[in-house]
Amino acid sequence: MTRRSESAARTFEALPPAKGSRAPFAESWWGREWLRSLEESSLDSGRLSRGRTYARGGAVGPVSVAPGSVGAPVHGSRRTPYRSTVRVEQLTDRQWDQLLDMIAERAANIAALLDGEMPAGLADDAAAAGVPLLPGPQDLDPECSCPDWGYPCKHAAALCYQVARLLDRDPFVLLLLRGRGERELMDELGRRNTARASAEAAASATTTGAGPAVAPARPGDPAGPAFAFRTALPPLPGPPPLPDRPGRRPALVDSAVPEPGLDPAALELLAADTATRAHHLLSGALGARHAGTVPPAPLTEWQDAVRLAATHATLDVFARIASNCGRTPGELAAATRAWRHGGAASLDVLESPWNPPALRLERAREALRADWADGTPPRLRAWRNRWTVEGRDAQLRLGRDGLWYPYTKDEGTWWPAGPPDADPAVVLTALLAT
(Lines give C-alpha, C1' and ligand atoms only; values in the text may rest on other atoms or scores of the structure.)
Protein backbone atom coordinates (compact mmCIF):
# COMPACT_ATOMS: atom_id res chain seq x y z
CA MET A 1 0.00 0.00 0.00
CA THR A 2 1.45 3.35 -1.08
CA ARG A 3 1.25 6.28 1.27
CA ARG A 4 0.91 9.79 -0.08
CA SER A 5 3.44 12.53 0.64
CA GLU A 6 2.94 15.24 3.22
CA SER A 7 2.99 17.94 0.51
CA ALA A 8 -0.81 18.05 0.52
CA ALA A 9 -0.91 19.07 4.20
CA ARG A 10 -2.97 22.15 5.04
CA THR A 11 -3.05 24.40 8.09
CA PHE A 12 -6.22 26.26 9.07
CA GLU A 13 -6.15 29.34 11.26
CA ALA A 14 -7.64 29.02 14.73
CA LEU A 15 -11.41 29.37 14.53
CA PRO A 16 -13.08 32.03 16.67
CA PRO A 17 -15.08 30.95 19.73
CA ALA A 18 -18.46 29.47 18.84
CA LYS A 19 -21.51 31.56 19.66
CA GLY A 20 -24.00 30.04 22.05
CA SER A 21 -23.59 27.05 24.32
CA ARG A 22 -26.17 24.89 22.51
CA ALA A 23 -25.39 25.61 18.88
CA PRO A 24 -24.36 22.41 17.06
CA PHE A 25 -20.75 22.03 16.04
CA ALA A 26 -21.67 20.46 12.70
CA GLU A 27 -24.42 21.48 10.32
CA SER A 28 -23.50 19.11 7.48
CA TRP A 29 -24.42 15.47 7.57
CA TRP A 30 -20.77 14.41 7.11
CA GLY A 31 -19.70 16.65 9.97
CA ARG A 32 -22.37 15.08 12.19
CA GLU A 33 -21.15 11.62 11.17
CA TRP A 34 -17.65 12.60 12.28
CA LEU A 35 -18.98 13.64 15.69
CA ARG A 36 -21.10 10.50 15.95
CA SER A 37 -17.94 8.40 15.51
CA LEU A 38 -16.21 10.44 18.20
CA GLU A 39 -19.06 10.22 20.70
CA GLU A 40 -19.72 6.51 20.14
CA SER A 41 -16.05 5.70 20.69
CA SER A 42 -15.69 7.79 23.85
CA LEU A 43 -15.42 6.11 27.23
CA ASP A 44 -16.24 9.22 29.25
CA SER A 45 -19.03 11.67 28.42
CA GLY A 46 -17.63 14.13 30.98
CA ARG A 47 -14.43 14.55 28.98
CA LEU A 48 -16.48 15.10 25.83
CA SER A 49 -18.41 17.82 27.62
CA ARG A 50 -15.17 19.54 28.67
CA GLY A 51 -13.87 19.17 25.12
CA ARG A 52 -16.95 20.92 23.76
CA THR A 53 -16.44 23.73 26.26
CA TYR A 54 -12.78 24.08 25.25
CA ALA A 55 -13.66 24.14 21.55
CA ARG A 56 -16.47 26.67 22.03
CA GLY A 57 -14.18 28.91 24.05
CA GLY A 58 -11.48 29.12 21.38
CA ALA A 59 -8.90 26.94 23.17
CA VAL A 60 -7.96 25.10 19.96
CA GLY A 61 -5.15 26.76 18.00
CA PRO A 62 -4.32 26.43 14.29
CA VAL A 63 -5.36 23.01 12.97
CA SER A 64 -2.92 21.12 10.73
CA VAL A 65 -4.45 18.45 8.48
CA ALA A 66 -2.27 15.89 6.71
CA PRO A 67 -2.87 12.48 5.15
CA GLY A 68 -3.82 10.24 8.06
CA SER A 69 -3.74 12.77 10.89
CA VAL A 70 -4.97 16.09 12.22
CA GLY A 71 -3.33 18.01 15.04
CA ALA A 72 -3.44 21.31 16.90
CA PRO A 73 -2.20 23.00 20.07
CA VAL A 74 -4.97 23.03 22.69
CA HIS A 75 -4.83 25.36 25.68
CA GLY A 76 -5.69 23.73 28.97
CA SER A 77 -4.94 24.52 32.60
CA ARG A 78 -1.21 25.17 32.18
CA ARG A 79 0.46 28.16 30.54
CA THR A 80 1.74 26.35 27.45
CA PRO A 81 -0.72 24.43 25.24
CA TYR A 82 -0.83 20.67 24.88
CA ARG A 83 -0.34 19.02 21.49
CA SER A 84 -3.34 16.90 20.50
CA THR A 85 -3.50 14.62 17.48
CA VAL A 86 -6.16 12.37 15.98
CA ARG A 87 -5.08 9.70 13.52
CA VAL A 88 -7.30 8.21 10.84
CA GLU A 89 -6.53 5.19 8.66
CA GLN A 90 -5.68 6.18 5.08
CA LEU A 91 -7.33 4.46 2.14
CA THR A 92 -5.25 2.05 0.11
CA ASP A 93 -4.41 2.79 -3.53
CA ARG A 94 -6.98 0.19 -4.59
CA GLN A 95 -9.65 1.83 -2.48
CA TRP A 96 -8.76 5.21 -3.94
CA ASP A 97 -9.12 3.80 -7.46
CA GLN A 98 -12.61 2.59 -6.59
CA LEU A 99 -13.58 5.88 -4.99
CA LEU A 100 -12.24 8.00 -7.86
CA ASP A 101 -14.14 5.89 -10.37
CA MET A 102 -17.33 6.46 -8.38
CA ILE A 103 -16.75 10.22 -8.26
CA ALA A 104 -15.90 10.45 -11.97
CA GLU A 105 -18.97 8.45 -12.98
CA ARG A 106 -21.22 11.43 -12.29
CA ALA A 107 -20.34 15.05 -13.00
CA ALA A 108 -22.73 15.97 -10.18
CA ASN A 109 -20.30 14.43 -7.67
CA ILE A 110 -17.47 16.70 -8.75
CA ALA A 111 -19.76 19.72 -8.85
CA ALA A 112 -21.00 18.97 -5.33
CA LEU A 113 -17.47 18.66 -3.93
CA LEU A 114 -16.41 21.92 -5.53
CA ASP A 115 -19.52 23.52 -4.06
CA GLY A 116 -18.53 22.40 -0.56
CA GLU A 117 -20.90 19.42 -0.37
CA MET A 118 -20.26 15.73 0.22
CA PRO A 119 -22.77 13.71 -1.88
CA ALA A 120 -24.61 11.31 0.41
CA GLY A 121 -25.03 8.82 -2.43
CA LEU A 122 -21.26 8.76 -2.98
CA ALA A 123 -20.58 7.88 0.66
CA ASP A 124 -23.23 5.12 0.57
CA ASP A 125 -21.91 3.64 -2.68
CA ALA A 126 -18.34 3.76 -1.36
CA ALA A 127 -19.33 2.01 1.87
CA ALA A 128 -21.16 -0.70 -0.10
CA ALA A 129 -17.99 -1.27 -2.14
CA GLY A 130 -15.86 -1.60 1.01
CA VAL A 131 -14.34 1.91 0.86
CA PRO A 132 -14.83 3.54 4.28
CA LEU A 133 -14.99 7.20 3.30
CA LEU A 134 -16.47 8.24 6.65
CA PRO A 135 -14.66 7.03 9.80
CA GLY A 136 -16.48 4.64 12.08
CA PRO A 137 -16.51 4.62 15.92
CA GLN A 138 -13.28 2.60 16.07
CA ASP A 139 -11.43 4.53 13.36
CA LEU A 140 -10.40 7.61 15.35
CA ASP A 141 -7.11 7.26 17.24
CA PRO A 142 -6.61 10.28 19.57
CA GLU A 143 -3.30 11.20 21.22
CA CYS A 144 -2.30 14.10 23.47
CA SER A 145 0.78 15.33 25.33
CA CYS A 146 -1.28 15.89 28.51
CA PRO A 147 -1.07 13.42 31.43
CA ASP A 148 -4.78 12.46 31.11
CA TRP A 149 -5.27 8.83 30.00
CA GLY A 150 -8.89 9.38 28.94
CA TYR A 151 -10.05 8.09 25.57
CA PRO A 152 -10.17 10.71 24.30
CA CYS A 153 -8.93 13.31 26.75
CA LYS A 154 -10.71 16.65 26.80
CA HIS A 155 -8.02 18.28 24.66
CA ALA A 156 -8.25 15.69 21.88
CA ALA A 157 -12.05 15.86 22.14
CA ALA A 158 -11.86 19.65 21.66
CA LEU A 159 -9.77 19.08 18.55
CA CYS A 160 -12.35 16.64 17.16
CA TYR A 161 -15.17 19.12 17.73
CA GLN A 162 -13.16 21.80 15.96
CA VAL A 163 -12.49 19.47 13.04
CA ALA A 164 -16.25 19.06 12.65
CA ARG A 165 -16.49 22.80 12.05
CA LEU A 166 -13.76 22.55 9.40
CA LEU A 167 -15.52 19.64 7.72
CA ASP A 168 -18.66 21.77 7.48
CA ARG A 169 -16.70 24.32 5.49
CA ASP A 170 -14.67 22.01 3.27
CA PRO A 171 -15.35 18.31 2.57
CA PHE A 172 -11.86 18.01 1.05
CA VAL A 173 -10.58 18.01 4.65
CA LEU A 174 -12.09 14.54 5.05
CA LEU A 175 -10.57 13.35 1.76
CA LEU A 176 -7.17 14.71 2.83
CA LEU A 177 -7.41 12.81 6.11
CA ARG A 178 -8.10 9.68 4.07
CA GLY A 179 -4.89 10.26 2.13
CA ARG A 180 -5.14 12.68 -0.79
CA GLY A 181 -5.31 16.44 -1.19
CA GLU A 182 -7.65 18.51 -3.31
CA ARG A 183 -5.24 19.34 -6.12
CA GLU A 184 -4.13 15.74 -6.53
CA LEU A 185 -7.74 14.57 -6.55
CA MET A 186 -8.90 17.11 -9.12
CA ASP A 187 -5.93 16.36 -11.40
CA GLU A 188 -6.68 12.64 -11.23
CA LEU A 189 -10.40 13.19 -11.86
CA GLY A 190 -9.53 15.32 -14.88
CA ARG A 191 -7.38 12.52 -16.31
CA ARG A 192 -10.12 9.98 -15.76
CA ASN A 193 -12.73 12.19 -17.39
CA THR A 194 -10.48 12.70 -20.42
CA ALA A 195 -9.83 8.96 -20.71
CA ARG A 196 -13.55 8.23 -20.38
CA ALA A 197 -14.45 10.76 -23.10
CA SER A 198 -11.77 9.32 -25.43
CA ALA A 199 -13.01 5.77 -24.87
CA GLU A 200 -16.60 6.77 -25.57
CA ALA A 201 -15.59 8.61 -28.76
CA ALA A 202 -13.54 5.62 -29.94
CA ALA A 203 -16.42 3.25 -29.22
CA SER A 204 -18.80 5.48 -31.15
CA ALA A 205 -16.44 5.59 -34.12
CA THR A 206 -16.07 1.80 -34.11
CA THR A 207 -19.84 1.33 -34.07
CA THR A 208 -20.61 3.74 -36.90
CA GLY A 209 -17.51 3.05 -38.98
CA ALA A 210 -16.73 6.74 -39.12
CA GLY A 211 -13.95 8.76 -37.65
CA PRO A 212 -14.32 10.39 -34.24
CA ALA A 213 -16.96 13.06 -34.27
CA VAL A 214 -15.59 16.44 -33.33
CA ALA A 215 -18.36 18.98 -32.98
CA PRO A 216 -17.20 22.53 -33.60
CA ALA A 217 -17.55 24.69 -30.52
CA ARG A 218 -19.86 27.66 -30.85
CA PRO A 219 -20.11 30.77 -28.72
CA GLY A 220 -22.46 30.10 -25.85
CA ASP A 221 -21.99 26.29 -25.82
CA PRO A 222 -21.68 24.86 -22.28
CA ALA A 223 -18.10 23.91 -21.49
CA GLY A 224 -18.94 20.32 -20.45
CA PRO A 225 -20.48 19.14 -23.76
CA ALA A 226 -17.90 21.09 -25.79
CA PHE A 227 -15.03 19.23 -24.13
CA ALA A 228 -16.76 15.85 -23.96
CA PHE A 229 -16.86 15.52 -27.77
CA ARG A 230 -13.22 16.33 -28.30
CA THR A 231 -10.54 13.67 -28.21
CA ALA A 232 -7.74 16.23 -28.59
CA LEU A 233 -7.78 19.84 -27.53
CA PRO A 234 -5.92 22.58 -29.40
CA PRO A 235 -2.93 24.15 -27.64
CA LEU A 236 -3.56 27.14 -25.43
CA PRO A 237 -3.00 30.53 -27.07
CA GLY A 238 0.11 32.47 -26.21
CA PRO A 239 0.07 35.09 -23.45
CA PRO A 240 -1.22 38.54 -24.36
CA PRO A 241 1.29 41.31 -25.07
CA LEU A 242 2.06 43.67 -22.22
CA PRO A 243 0.52 47.13 -22.76
CA ASP A 244 2.89 50.07 -22.59
CA ARG A 245 0.99 51.56 -19.64
CA PRO A 246 -2.07 50.85 -17.50
CA GLY A 247 -5.47 51.79 -18.88
CA ARG A 248 -6.85 55.27 -18.36
CA ARG A 249 -9.16 55.91 -15.45
CA PRO A 250 -12.85 56.49 -16.23
CA ALA A 251 -14.15 60.06 -16.18
CA LEU A 252 -16.92 59.91 -13.59
CA VAL A 253 -16.69 63.30 -11.88
CA ASP A 254 -19.19 65.77 -13.41
CA SER A 255 -20.38 63.13 -15.90
CA ALA A 256 -23.72 62.63 -14.15
CA VAL A 257 -25.43 63.20 -10.83
CA PRO A 258 -24.25 60.36 -8.56
CA GLU A 259 -26.58 58.19 -6.55
CA PRO A 260 -26.71 59.02 -2.82
CA GLY A 261 -23.72 57.59 -0.99
CA LEU A 262 -21.53 57.23 -4.10
CA ASP A 263 -18.26 59.13 -4.40
CA PRO A 264 -17.26 59.49 -8.10
CA ALA A 265 -13.75 60.73 -7.24
CA ALA A 266 -13.11 57.70 -5.04
CA LEU A 267 -14.41 55.36 -7.75
CA GLU A 268 -12.10 57.00 -10.28
CA LEU A 269 -9.15 56.44 -7.95
CA LEU A 270 -10.03 52.78 -7.32
CA ALA A 271 -10.46 52.12 -11.04
CA ALA A 272 -7.10 53.71 -11.82
CA ASP A 273 -5.47 51.76 -9.00
CA THR A 274 -6.97 48.50 -10.27
CA ALA A 275 -5.56 49.16 -13.73
CA THR A 276 -2.13 49.92 -12.29
CA ARG A 277 -2.07 46.76 -10.19
CA ALA A 278 -3.32 44.62 -13.10
CA HIS A 279 -0.53 46.00 -15.31
CA HIS A 280 2.03 45.22 -12.59
CA LEU A 281 0.72 41.66 -12.13
CA LEU A 282 0.69 41.00 -15.88
CA SER A 283 4.23 42.33 -16.16
CA GLY A 284 5.34 39.91 -13.46
CA ALA A 285 3.43 36.98 -15.00
CA LEU A 286 5.08 37.53 -18.38
CA GLY A 287 8.55 37.81 -16.85
CA ALA A 288 11.14 35.08 -17.16
CA ARG A 289 11.35 34.62 -13.36
CA HIS A 290 7.60 34.18 -12.84
CA ALA A 291 7.57 30.35 -12.87
CA GLY A 292 7.62 28.88 -9.39
CA THR A 293 7.17 32.18 -7.59
CA VAL A 294 4.82 32.44 -4.64
CA PRO A 295 1.96 34.97 -4.72
CA PRO A 296 2.56 37.89 -2.34
CA ALA A 297 0.82 37.86 1.01
CA PRO A 298 -2.41 39.88 1.12
CA LEU A 299 -2.02 43.38 2.51
CA THR A 300 -3.55 44.55 5.75
CA GLU A 301 -5.93 47.51 5.66
CA TRP A 302 -3.17 49.85 6.85
CA GLN A 303 -0.64 48.52 4.34
CA ASP A 304 -3.12 48.97 1.51
CA ALA A 305 -3.89 52.53 2.63
CA VAL A 306 -0.16 53.34 2.60
CA ARG A 307 0.22 51.70 -0.81
CA LEU A 308 -2.60 53.83 -2.22
CA ALA A 309 -1.08 57.03 -0.80
CA ALA A 310 2.35 56.13 -2.21
CA THR A 311 1.07 55.05 -5.64
CA HIS A 312 -1.32 57.95 -6.21
CA ALA A 313 0.69 60.83 -4.76
CA THR A 314 -1.73 63.75 -4.79
CA LEU A 315 -2.74 66.04 -1.95
CA ASP A 316 -6.38 65.02 -2.34
CA VAL A 317 -5.61 61.29 -2.03
CA PHE A 318 -3.30 61.88 0.93
CA ALA A 319 -5.89 64.02 2.72
CA ARG A 320 -8.64 61.46 2.15
CA ILE A 321 -6.55 58.59 3.50
CA ALA A 322 -5.15 60.61 6.41
CA SER A 323 -8.65 61.51 7.57
CA ASN A 324 -9.83 57.89 7.62
CA CYS A 325 -6.86 55.69 8.50
CA GLY A 326 -6.65 56.44 12.23
CA ARG A 327 -3.04 57.70 11.98
CA THR A 328 -1.61 61.21 12.11
CA PRO A 329 -0.62 62.93 8.84
CA GLY A 330 3.02 62.71 9.94
CA GLU A 331 2.78 58.96 10.49
CA LEU A 332 1.15 58.49 7.09
CA ALA A 333 3.81 60.65 5.43
CA ALA A 334 6.64 58.58 6.94
CA ALA A 335 4.87 55.33 6.03
CA THR A 336 4.32 56.52 2.46
CA ARG A 337 7.99 57.40 2.09
CA ALA A 338 8.99 54.00 3.47
CA TRP A 339 6.65 52.22 1.04
CA ARG A 340 8.25 53.94 -1.93
CA HIS A 341 11.64 52.58 -0.85
CA GLY A 342 10.63 48.95 -0.47
CA GLY A 343 6.92 48.22 -0.10
CA ALA A 344 5.60 46.18 2.81
CA ALA A 345 9.10 45.11 3.94
CA SER A 346 10.21 48.73 4.22
CA LEU A 347 7.02 49.68 6.10
CA ASP A 348 7.73 46.88 8.59
CA VAL A 349 11.22 48.29 9.16
CA LEU A 350 9.72 51.70 9.92
CA GLU A 351 7.16 50.44 12.43
CA SER A 352 8.41 47.20 13.99
CA PRO A 353 11.77 46.95 15.76
CA TRP A 354 12.96 43.38 16.25
CA ASN A 355 15.89 41.39 17.61
CA PRO A 356 18.08 39.92 14.85
CA PRO A 357 20.36 36.96 15.70
CA ALA A 358 23.54 38.16 17.36
CA LEU A 359 25.69 36.23 14.89
CA ARG A 360 24.09 38.03 11.95
CA LEU A 361 24.84 41.43 13.50
CA GLU A 362 28.42 40.48 14.29
CA ARG A 363 29.02 39.38 10.69
CA ALA A 364 27.53 42.67 9.47
CA ARG A 365 29.93 44.62 11.72
CA GLU A 366 32.88 42.62 10.38
CA ALA A 367 31.76 43.30 6.80
CA LEU A 368 31.40 47.00 7.58
CA ARG A 369 34.92 47.22 9.00
CA ALA A 370 36.35 45.26 6.07
CA ASP A 371 34.63 47.36 3.41
CA TRP A 372 35.18 50.81 4.98
CA ALA A 373 37.71 52.97 3.18
CA ASP A 374 40.17 53.45 6.03
CA GLY A 375 39.09 50.41 8.04
CA THR A 376 37.57 52.52 10.79
CA PRO A 377 33.84 53.08 10.25
CA PRO A 378 31.94 55.62 12.37
CA ARG A 379 31.02 54.62 15.91
CA LEU A 380 27.57 53.04 16.04
CA ARG A 381 25.17 52.75 18.95
CA ALA A 382 23.14 49.55 18.64
CA TRP A 383 19.57 48.91 19.79
CA ARG A 384 17.78 45.82 18.54
CA ASN A 385 17.88 46.02 14.69
CA ARG A 386 18.98 49.68 14.63
CA TRP A 387 22.47 51.17 14.40
CA THR A 388 22.63 54.91 15.11
CA VAL A 389 25.73 56.88 14.07
CA GLU A 390 27.10 58.69 17.12
CA GLY A 391 27.11 62.44 16.66
CA ARG A 392 25.05 62.33 13.47
CA ASP A 393 21.31 62.20 12.73
CA ALA A 394 21.86 59.03 10.73
CA GLN A 395 20.76 55.46 11.34
CA LEU A 396 20.78 52.03 9.70
CA ARG A 397 17.94 49.56 10.25
CA LEU A 398 18.14 45.86 9.40
CA GLY A 399 14.94 44.47 7.88
CA ARG A 400 13.64 40.95 8.22
CA ASP A 401 14.38 40.62 4.49
CA GLY A 402 18.13 40.90 5.22
CA LEU A 403 18.48 44.41 3.75
CA TRP A 404 19.79 47.54 5.48
CA TYR A 405 17.60 50.65 5.31
CA PRO A 406 18.94 54.23 5.75
CA TYR A 407 17.21 56.71 8.07
CA THR A 408 17.77 60.36 8.96
CA LYS A 409 16.33 62.38 11.84
CA ASP A 410 14.40 65.58 11.20
CA GLU A 411 12.93 67.59 14.07
CA GLY A 412 13.08 64.59 16.39
CA THR A 413 11.52 62.08 13.99
CA TRP A 414 13.32 59.34 12.07
CA TRP A 415 12.48 59.29 8.34
CA PRO A 416 13.31 56.71 5.63
CA ALA A 417 16.14 58.22 3.60
CA GLY A 418 16.68 55.99 0.59
CA PRO A 419 16.63 52.51 -0.92
CA PRO A 420 18.03 49.53 1.03
CA ASP A 421 21.02 47.36 0.26
CA ALA A 422 22.37 44.05 1.53
CA ASP A 423 25.74 45.69 2.30
CA PRO A 424 25.63 48.04 5.33
CA ALA A 425 28.81 49.80 4.12
CA VAL A 426 27.09 50.84 0.87
CA VAL A 427 24.08 52.24 2.71
CA LEU A 428 26.10 54.04 5.39
CA THR A 429 28.49 55.59 2.86
CA ALA A 430 25.60 57.00 0.83
CA LEU A 431 23.82 58.15 3.98
CA LEU A 432 26.81 60.10 5.37
CA ALA A 433 27.53 61.67 1.98
CA THR A 434 24.17 63.48 1.95
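Two helices count as roughly antiparallel when the angle between them is over 145 degrees. With that cut-off in hand, let us look at two helix pairs and one strand residue in this predicted model.

**Helices α1 and α6**

Helix α1 (residues 29-41) packs against helix α6 (residues 154-169) at about 165 degrees, and their axes lie 8 Å apart. α1 and α6 are therefore roughly antiparallel to each other. Their crossing is right-handed. From α1, the residues that take part are W30, G31, W34, L35, L38 and E39, and they meet A157, C160, Y161, V163, A164, L167 and D168 of α6. By type, this contact is made up of 10 nonpolar, 1 polar and 2 charged residues.

**Helices α10 and α11**

The second pair joins helix α10 (residues 264-285) and helix α11 (residues 301-311), whose axes come within 12 Å and cross at roughly 90 degrees. That angle is why α10 and α11 are roughly perpendicular to each other. On the α10 side you will find D273, T276 and R277, while α11 brings D304, R307, L308 and T311.

Here is how the residues of each contact divide:

| Helix pair | Nonpolar | Polar | Charged |
|---|---|---|---|
| α1 with α6 | 10 residues | 1 residue | 2 residues |
| α10 with α11 | 1 residue | 2 residues | 4 residues |

**V389 in strand β7**

Strand β7 (residues 386-389) includes V389. V389 counts as buried because its relative accessibility is 3%, and the cut-off for buried is under 20%. Beyond its neighbours within four places in sequence, V389 is in contact with P378, R379, L380, A394, L428 and L432. One of these partners, L428, is 39 residues away along the chain, with 9.1 Å between the C-alpha atoms of V389 and L428.

Technical notes: Residues are numbered from 1 along each chain as its sequence is written. This is a predicted model: local features need pLDDT of at least 70, side-chain atom pairs count only at pLDDT 80 or more; totals for chains, interfaces and linings use all residues. Side-chain values use heavy atoms; hydrogens and water are left out. Axes are lines fitted to C-alpha atoms, for helices over the stretch in contact, and angles run from 0 to 180 degrees between N-to-C directions. Helices (H or I, at least four residues) and strands (E, at least two) are DSSP runs, numbered from the N terminus. Angles under 35 degrees count as roughly parallel, over 145 as roughly antiparallel, 65 to 115 as roughly perpendicular and the rest as oblique. Contact means heavy atoms within 4.5 Å. Ala, Val, Leu, Ile, Met, Phe, Trp, Tyr, Cys and Pro count as nonpolar, Asp, Glu, Lys and Arg as charged, and the others, Gly among them, as polar. A crossing is left-handed if the near helix is turned anticlockwise from the far one by less than a right angle, and right-handed if clockwise. Buried means under 20% relative accessible area, exposed over 50%, partly exposed in between (1.4 Å probe, protein chains only).
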